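Biologist: Please take a close look at the disulfide side of this one for me. Once that part is clear, walk me on through the rest of the fold.

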Amino acid sequence: MQARVRGTAMLAAITLAMLVLPGEVRAQTSSGNGIQGFLDDLFTGSIAKGGQGSSQASRGGSVQLQPTQTPAASSAALPWSGQDGASGHPLMTASAIRQAAANFPNCVAAMWPDAARRHITRENFVRFTSGLSPDLRIMDLMDSQPEFTKAIWDYLDILVSDARLARGREILATYKPQFDAAEKAYGVDRYAIAAIWGIESNYSTQMGDRSVLQSTATLACVGRRQGYFRDEFLSALEILNHGDLRPEQMRGSWAGAFGPTQFMPTAFKRYAVDGDGDGRRDVVDDPADLIASTANNLKKDGWQTGKTWGYEVVVPKGFNYMLADRAKAMTLAQWEHLGIRRAGDKAFPHPADRAYLLAPAGAEGPGFLMLQNFRVFMKYNPAEAYALAIGHFADRLRGGAPFIQPWPRQERVLSRAERLELQQLLAERGFYRGTPDGQIGGLTRKALRSFQASVGEPADGFASSDVLERLRRR
């Protein structure tokens, strides 16, 4: 799942601290999973990943990982707007989309030689591609620019809720043998796997309702990321050709992520394993395969066995926040020397471990020292807020307490227009060298720190309304 879309790139936990996904969906950065349906519901009022699909029993007949569909409005039912995409890309103009859609059958047929080279039989190629038509509504979703209005503390409240924690503990108990086996085989913390399952699909209740074949075929032939999605489409055909999954099981996000922990087809190829030895890799309905495959993903991404993801820390007054940079890792002992203390006056168990400082809400909120396993979470989804939610959720499932320090809940969330203005003003003053996009990531936070330092403020890199007002006045 790497920095993947995992479900339309969940655009995960974008926050007032502006820890957002880098641009579009994860599906469009590399290959990944997401909680996109859940967050699309928050952002737009629709459920892009849909209801819950049809009920399917797991192998053995005693487990249902996917509940029956609930009444919910699905974006799959909405037509394409017929308008140019917001990205301005030439392949996203309405005329280009219509032209590509008209050529869709030829585009799909032209992929047969590549499919044959992947050992897909002609019979299966025809079987799985016959009747495919482009889902042009995806073009609107691909180029949507939602207005993010949630702060990081709001996302954590939603994602790490009492109800989700209770369900997570039930999942851990129900599938204890499968978690035991995966933990022994891969050395990956069961609570991290359970947290990903819970946040990615709310324990299999929000996995998506779109055909993965139709979605990836559409994106392989229409729009601005055809090369990337061509590989996803052909990989989806490989999965079906091999017999690991059936077409009706491969339903998910508009970008092609599927299953309780949201595998993209290419990620399935890299990480999916047969956890129970039945000869198939079923990450949708087989709990052993799902848990083992997710563990294998984290292990191959660099998971360190027996280590945590990071620590909540207290940052002293007057601290040099220029050091709060993912590229500036130091040992925990070195951070302690600079005045950083673990919250609750606890000791760091491994002082030689290297970590970087994250201050998602600036000087007014809690700080965190992030270790290697946090970086692994970010390979699953490249948003710091998402990775923080996963790590915290895992700790809570283990019996840990909520964060100790308060969030600055009084802060107003900047609108996208205000964030664009913030970036433009920083650029005009020589602090920001990126392209203004309304998404406050590492480059913008670095520019904010430089601006704050230039005017004698604590350089915490927090995109607050106060900073915007100060920039307007200069």
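Modeller: Let's agree on the term before we go looking: a disulfide here is a pair of cysteine sulfur atoms within 2.5 Å. Keep in mind, too, that this is a predicted model. With that cut-off, searching the whole structure turns up 1 disulfide. Its two ends are Cys 107 and Cys 221, and the S to S distance is 2.1 Å. Cys 107 sits in helix α3 (residues 104–109) while Cys 221 belongs to helix α11 (residues 212–221), so the link ties together parts that lie 114 residues apart in sequence. What about its handedness? The torsion about the S-S bond of Cys 107 and Cys 221 comes out at about -90 degrees, which makes the disulfide left-handed.

Are the two cysteines buried or exposed? The cut-off for buried is under 20% relative accessible area. Cys 107 has 13% relative accessibility, so it counts as buried. Cys 221 is at 5%, so it counts as buried as well.

Now for the rest of the chain, starting with how far to trust it. The mean pLDDT is 85, with 83% of the residues at 70 or more. The stretch to treat with care is residues 1–75, where pLDDT stays under 50. The model does have 324 contacts beyond four places in sequence for that stretch, but I'd read those with the low pLDDT in mind.

As for the overall make-up, you have 20 helices and 9 strands. Of the 474 residues in the chain, 58% count as buried. If you take the contacts with a separation of 6 or more, 70% of them come from residues 24 or more positions apart.

Next, the sheet. It is an open one built from 5 strands, in the order β6-β8-β9-β5-β7, with antiparallel pairing. At the edges are β6 (330–331) and β7 (341–342), each of which pairs on one side only. Let's zoom in on β5 (residues 310–314), which is joined to β7 by 2 bridges, the two strands running antiparallel. In that pairing, Val 314 is placed opposite Arg 341 of β7. β5 also runs antiparallel to β9, with 4 bridges between them. There, Gly 310 has Met 370 of β9 as its bridge partner. Of the 5 residues of β5, 4 are buried, so the rest of the structure largely encloses this strand.

β9 also leads us to a helix. Helix α16 (residues 372–380) has a set of buried residues: Asn 373, Phe 374, Val 376, Phe 377, Met 378 and Tyr 380. What do they pack against? Their partners are α10 (190–201), α14 (287–300), β8 (354–358), β9 (367–370) and α17 (384–398). So both helices and strands of the sheet are on that list.

For a helix pair, go to α19 (residues 442–454) and α20 (residues 465–473). These two pack at an angle of about 65 degrees, and their axes are 12 Å apart. The crossing of α19 past α20 is left-handed. On the α19 side, Leu 448, Phe 451 and Gln 452 do the meeting, and on the α20 side it is Val 467, Arg 470 and Leu 471. Gly 442 is in α19 too, and with a relative accessible area of 43% it is partly exposed. Its C-alpha atom is separated by 10.0 Å from that of Glu 384, a residue 58 places away along the chain.

Last stop: two backbone oddities, both in loops. His 119 lies between α4 (112–117) and α5 (122–129), and its phi is near 70 degrees, a positive value in a residue that isn't glycine. Tyr 203, found in the loop between α10 and β3 (210–211), has a positive phi as well, about 55 degrees, and it isn't a glycine either. Their surroundings are another matter: His 119 is exposed, with a relative accessible area of 67%, whereas Tyr 203 is buried at 4%.

To come back to your request: the part to zoom in on is the link from Cys 107 to Cys 221, which connects α3 with α11.

Notes: Residues are numbered from 1 along each chain as its sequence is written. This is a predicted model: local features need pLDDT of at least 70, side-chain atom pairs count only at pLDDT 80 or more; totals for chains, interfaces and linings use all residues. Side-chain values use heavy atoms; hydrogens and water are left out. Buried means under 20% relative accessible area, exposed over 50%, partly exposed in between (1.4 Å probe, protein chains only). Contact means heavy atoms within 4.5 Å. pLDDT is the predictor's confidence in each residue, from 0 to 100. Two strands pair if DSSP finds at least two bridges between them. Axes are lines fitted to C-alpha atoms, for helices over the stretch in contact, and angles run from 0 to 180 degrees between N-to-C directions. A crossing is left-handed if the near helix is turned anticlockwise from the far one by less than a right angle, and right-handed if clockwise.
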